[in-house]
Amino acid sequence: MAETNTPNSSTILKPYLETDRMEVFRVGLVGVIVGLIVPLLALAIANWFIDPIFCRSNQSFSICNSGGIVAYHSAAIIVAMAVIAIFANWGVFRPLPLVIAATIAMWGFKKFVDPLTSGNWVEYYLFSMALTALSYLLFYWLLRLRNFPASIILTAIATALVCWALVA
């Protein structure tokens with residue numbers, strides 16, 4: 001019997017690496033938790049560190065005027081470092097670019113949401129959790145591409161677009 005050279009489904013490589021639903025669920029859940037923890041940690045940093053240390057005197061430092069933004073960015077970096085460690089421990093594919101892209105993409109979130117929520121904290125936290133989870137899932141999906149350079153380029157483009165959408 002002669003062998004045929006037709007490829008079967010097991011030899012054809014898909015353009016992305018398959019994953020299981022539990023890993024996708026865990027990435028989305030971590031995104032929701034990060035979307036809750038970052039604003040809470042930012043509030044704690046602003047109220048217990050920036051305000052008491054830098055804003056006690058009569059002089060108005062620029063950090064006092066933008067203390068919420070500085071606290072938010074500090075909290076985002078702290079939480080991102082913890083999430084990288086968690087994702088690496090769980091074996092999530094390409095955790096470093098995933099978390100860096102999601103953190104950079106959400107960098108302008110506080111400036112974007114503050115005028116929209118105008119004191120409604122429930123809206124703020126729900127919007128933060130939903131948008132952060134979507135951000136994590138978007139970059140998780142983009143980084144599952146088999147071609148690493150294409151994956152990084154698409155992730156960089158998506159990061160720039162999300163940043164632009166939040167800041168513009």
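Which exposed residues does the face of α7 turned away from its buried side carry? In this predicted model, that face carries Ile153, Leu161, Trp164 and Val167. The opposite face of the helix is described below, after an outline of the fold.

The protein is built from seven helices and has zero strands, so that its elements, read from the N terminus, follow the order α-α-α-α-α-α-α. Of its 168 residues, 33% are buried.

Helix α7 spans residues 148-167. With 20 residues, α7 reaches 28 Å from its first C-alpha to its last, close to the 28 Å expected at 1.5 Å a residue. Its buried residues are Ser151, Thr155, Ala158, Thr159 and Leu166. These residues cover an arc of only 110° around the axis, and they therefore fall on the same side of α7. The general geometry of such a helix is relevant here: with 3.6 residues a turn, residues three or four places apart point the same way. Exposed on the face turned away from this buried side are the four residues named at the outset, Trp164 being one of them.

Helix α6, which comprises residues 121-142, can be examined in the same manner. Its 22 residues should span 32 Å at 1.5 Å a residue, and the end C-alpha atoms are 31 Å apart, which agrees. The buried residues of α6 are Tyr124, Tyr125, Ser128, Met129, Thr132, Ala133, Ser135, Tyr136, Phe139, Tyr140 and Leu142. Two of these, Tyr140 and Leu142, reappear in the lining of the largest pocket.

That pocket holds about 190 Å³ of space. Its lining consists of Tyr16, Leu17, Thr19, Val24, Tyr140, Trp141, Leu142, Arg144, Leu145 and Leu154. Helix α6 gives the most to this lining, with three residues. By character, the lining residues divide into eight nonpolar, one polar and one charged. Arg144 is among the lining residues, and this side chain also takes part in a salt bridge, meeting that of Glu23 at 3.5 Å, N to O. Arg144 lies in the loop between α6 and α7, whereas Glu23 belongs to helix α1 (residues 21-54), so the pair ties together parts that are 121 residues apart in sequence. Both partners count as buried, because the limit is under 20% relative accessible area: Arg144 has a relative accessibility of 8%, and Glu23 one of 9%.

The count of salt bridges comes to two. In the other, the side chains of Glu18 and Lys14 meet at 2.6 Å, N to O. The setting of this pair is as follows: Glu18 counts as exposed, at 53% relative accessibility, and Lys14 is partly exposed, with a relative accessible area of 40%. As a general principle, side chains of opposite charge can pair when their charged atoms come close.

The interior also contains enclosed space. A search of the whole structure finds one cavity of 30 Å³ or more, and the volume of the largest cavity is about 110 Å³. Of the 13 residues that line this cavity, Val34, Val38, Ala76, Thr103 and Met106 are the closest to its centre. Helices α1, α3 (67-90), α4 (95-105) and α6 each supply at least two residues of the lining, and the largest share, four residues, comes from α3. The lining of the largest cavity divides into nine nonpolar residues, four polar and no charged.

Two further positions merit attention. Ile50 lies in helix α1 and is buried, with a relative accessible area of 5%. Ile50 and Ala71 are 21 residues apart in sequence, and their C-alpha atoms are 7.6 Å apart in space. Arg94, in turn, is found in the loop between α3 and α4. Although Arg94 is not a glycine, its phi is positive, at about 50°. Arg94 counts as buried, at 16% relative accessibility.

Note on methods
Residues are numbered from 1 along each chain as its sequence is written. This is a predicted model: local features need pLDDT of at least 70, side-chain atom pairs count only at pLDDT 80 or more; totals for chains, interfaces and linings use all residues. Side-chain values use heavy atoms; hydrogens and water are left out. On a 1 Å grid over the protein atoms alone, a cavity is a set of points where a 1.4 Å probe fits but cannot get out, and a pocket is an open set with protein on both sides within 12 Å along at least five of seven lines; lining residues have an atom within 4 Å of a point. Grid points are joined across faces, edges and corners, and a volume is the space filled by probe spheres set on the points. Ala, Val, Leu, Ile, Met, Phe, Trp, Tyr, Cys and Pro count as nonpolar, Asp, Glu, Lys and Arg as charged, and the others, Gly among them, as polar. A salt bridge is a side-chain nitrogen of Lys or Arg within 4 Å of a carboxyl oxygen of Asp or Glu. Buried means under 20% relative accessible area, exposed over 50%, partly exposed in between (1.4 Å probe, protein chains only). The expected span of a helix is 1.5 Å times one less than its number of residues. The arc is that of the directions from the helix axis to the C-beta atoms.
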